[in-house]
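The exercises below ask you to work through a protein model step by step, with a solution after each task. Please have the sequence and the coordinates open while you read.

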Amino acid sequence: QMWEEAIALGKELAEQYENEMFDYEQLSELLRKQAQFYENIVKVIRPKPDYFAVGYYGQGFPTFIRNKVFIYRGKEYERREDFEARLLTQFPNAEKMKTTSPPGDDIKNSSGQYIQCFTVKPKLDLPSKFHRPVSEQIVSFYRVNEVQRFEYSRPVRKGEKNPDNEFANMWIERTIYVTAYKLPGILRWFEVKSVFMVEISPLENAIETMQLTNDKINNMIQQHLNDPNLPINPLSMLLNGIVDPAVMGGFTNYEKAFFTEKYIHEHPEDHDKIEKLKDLIAWQIPFLAEGIRIHGEKVTEALRPFHERMEACFRQLKDKVEKQYGVRSVPSSLDDRRGSRPRSMVRSFTMPSSSRPLSVASVSSISSDSTPSRPGSDGFVLEPLLPKKMHSRSQDKLDKDDLDKDKKEKKKEKRNSKHQEIFDKEFKSTDISLQQSEAVILSETISPLRPQRPKSQVINVISSERRFSVSPSPPSSQVTPPPITPRTKLSFSIQSNLELNGMSSPDIPDVPPPLPLKGSMADYGNLMESQDLISPTTSPPAHQRVSP
């Protein structure tokens with residue numbers, strides 16, 4: 001799951017495929033993999049392994065590990081007890097040390113085997129490309145990977161013990177371990193090359209603790225904004241432990257220890273640090289407000305009383321802090337801290353779920369099961385799905401339009417002439433089934449399955465419409481051609497040209513009616529396709545061209 005390393009290797013391969021080998025098929029496949037890796041970095045939660053410092057003391061160990069300290073990378077979700085058990089199986093005669101302080105020379109020079117094991121915390125070392133605040137999901141990889149510095153903190157009491165407030169004299173003895181190479185590497189453990197120790201004063205420890213607490217709240221808020229489906233229990237415990245600190249007392253202990261007249265008078269050099277601690281306390285209020293707001297949106301009815309109590313405690317805390325340390329605004333700070341995420345995404349996640357618009361992926365995934373939708377075609381616009389009530393209203397409007405169309409169709413049918421009725425009587429009884437099966441109704445949308453009509457037939461259809469749209473001539477001995485239906489319902493079939501001339505019905509004489517005067521060369525184009533159906537007495541002039 002080290003997708004960041006895979007992306008770096010993929011970029012090297014992409015350079016070869018694109019500019020050296022010109023293998024675009026392999027390049028496209030590689031770029032698809034890289035896209036999946038980037039998506040995994042943002043969306044997939046990866047477990048954070050623990051790191052352990054292991055010291056091998058005594059002359060009983062081999063020379064390459066004797067009296068040396070190594071940093072080990074544990075397996076996923078591996079506890080320190082499990083790691084120690086796995087380690088002691090390799091050295092069954094070794095004795096486990098009970099303390100974490102460095103051993104004396106008597107243990108190092110003894111003939112036995114002593115193993116010292118404790119958990120260390122990797123120190124974040126961000127690459128230089130992250131010159132601005134980025135998402136916690138991206139930074140979390142570098143908190144446990146590509147690390148070379150590790151620290152171990154041990155509390156130390158100095159001065160008189162204060163039973164009322166233990167934070168006043170709690171110093172931190174911090175040991176920094178620097179390995180030969182970054183972890184993880186070709187091995188899961190490397191030797192420690194340098195060790196140095198620093199002391200953290202109680203006030204510095206309080207500043208560091210408040211900063212870590214604020215970062216933890218902010219990271220939890222970002223996770224819930226990125227993924228609204230996350231469980232609410234971790235957020236509940238975090239917020240309640242800060243807003244209603246029944247055991248530890250919260251930052252009230254810092255106020256009693258460092259904000260008193262006595263401490264300020266005795267330590268004038270700590271004035272800037274005290275102001276920084278006050279600022280961190282003030283900044284915690286807007287973070288808590290944002291977390292409680294998200295908690296209120298996601299809380300269940302069973303936890304509603306718990307949430308109301310937490311809100312009541314927060315209101316008291318907020319009034320007290322803002323009165324003493326000032327007011328801080330939440331939107332600017334949160335926007336700056338999560339600057340890697342677009343504002344549109346922030347808005348979509350902070351909106352209620354009922355009024356949240358669907359994204360492009362959501363609309364396409366919903367429509368993919370029934371009919372594929374293509375953005376940008378036929379005026380398609382991505383909009384949020386309408387509620388059922390609005391949908392039914394639009395459906396009623398469509399039904400109303402259909403009724404209006406039917407009324408117009410009926411009016412047009414009433415306007416048909418008597419010749420239309422004669423045509424219906426004569427032809428419905430003969431080949432009506434064949435015409436219905438083979439008829440093609442012309443409309444504005446032409447089906448792609450139907451081949452284009454030859455140019456000669458198109459011209460003939462237009463000319464036939466011109467002939468039969470005029471009023472009929474006086475009755476004669478020949479059969480009068482029946483008129484054609486209106487253009488909106490004009491239908492054609494394979495034998496439509498012959499039927500219109502009265503040559504398919506057995507009741508009509510074989511002698512065709514006289515042709516009207518020729519208006520253009522293309523009037524008889526379709527009649528020349530079948531020479532045996534044309535009577536010699538009515539043959540066209542000799543100069544008439546024959547259509548292929």
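**Exercise 1.** Decide whether R79 is buried or exposed, and find which side chain meets that of R79 in a salt bridge.

*Solution.* Begin with accessibility in this predicted model: the relative accessible area of R79 is 53%, and exposed means over 50%, so R79 counts as exposed. Next, look for the partner: the side chain of R79 meets that of D82 in a salt bridge, with 3.4 Å from N to O. Finally, classify D82, which at a relative accessible area of 36% is partly exposed.

**Exercise 2.** Describe the salt bridge between E84 and R80, and work out how the two residues are placed in helix α3.

*Solution.* First, take the distance, which is 2.8 Å from N to O between the side chains of E84 and R80. Second, consider the spacing: the two residues are four apart in helix α3, and therefore about one helical turn separates them. Third, compare the accessibilities with the cut-off of 20% under which a residue is buried: E84, at 7%, is buried, whereas R80, at 30%, is partly exposed.

**Exercise 3.** Locate the two ends of the salt bridge between D279 and R328.

*Solution.* The side chains meet at 2.7 Å, N to O. The pair links distant parts of the chain, since D279 belongs to helix α10 (residues 271-298) while R328 lies in the loop between α11 and α12, 49 residues apart. As for accessibility, D279 is partly exposed at 29%, and R328 is likewise partly exposed at 24%. Elsewhere, salt bridges that share partners join K68, E191 and K193 into one network; the structure holds 18 salt bridges.

**Exercise 4.** Examine the backbone at N67, Y77 and the peptide bond between L183 and P184.

*Solution.* Start from the general expectation that most residues other than glycine have a negative phi and that most peptide bonds are trans. N67 has a positive phi near 55 degrees and sits in the loop between β1 and β2, where N67 is partly exposed at 30%. Y77 has a positive phi near 60 degrees, lies in the loop between β2 and α3, and is exposed at 69%. The bond joining L183 and P184 is cis, with omega about -10 degrees, and P184 lies in the loop between β6 and β7.

**Exercise 5.** Which elements have the lowest and the highest mean pLDDT?

*Solution.* Set the background first: the protein averages a pLDDT of 73, and 59% of the residues score at least 70. Among the elements, helix α13 (residues 343-350) has the lowest mean, 36, and strand β1 (residues 51-57) the highest, 97. Over residues 332-395 the pLDDT is below 50, although this stretch has 51 contacts in the model beyond near neighbours in sequence.

Key. Residues numbered from 1 in each chain as written. Predicted model: local features only at pLDDT ≥ 70, side-chain atom pairs only at ≥ 80, totals over all residues. Heavy atoms only, no water. pLDDT = per-residue confidence, 0-100. Contact = heavy atoms within 4.5 Å. Buried < 20%, exposed > 50% of the residue type's maximum accessible area, 1.4 Å probe, protein only. Salt bridge = Lys/Arg side-chain N within 4 Å of Asp/Glu carboxyl O.
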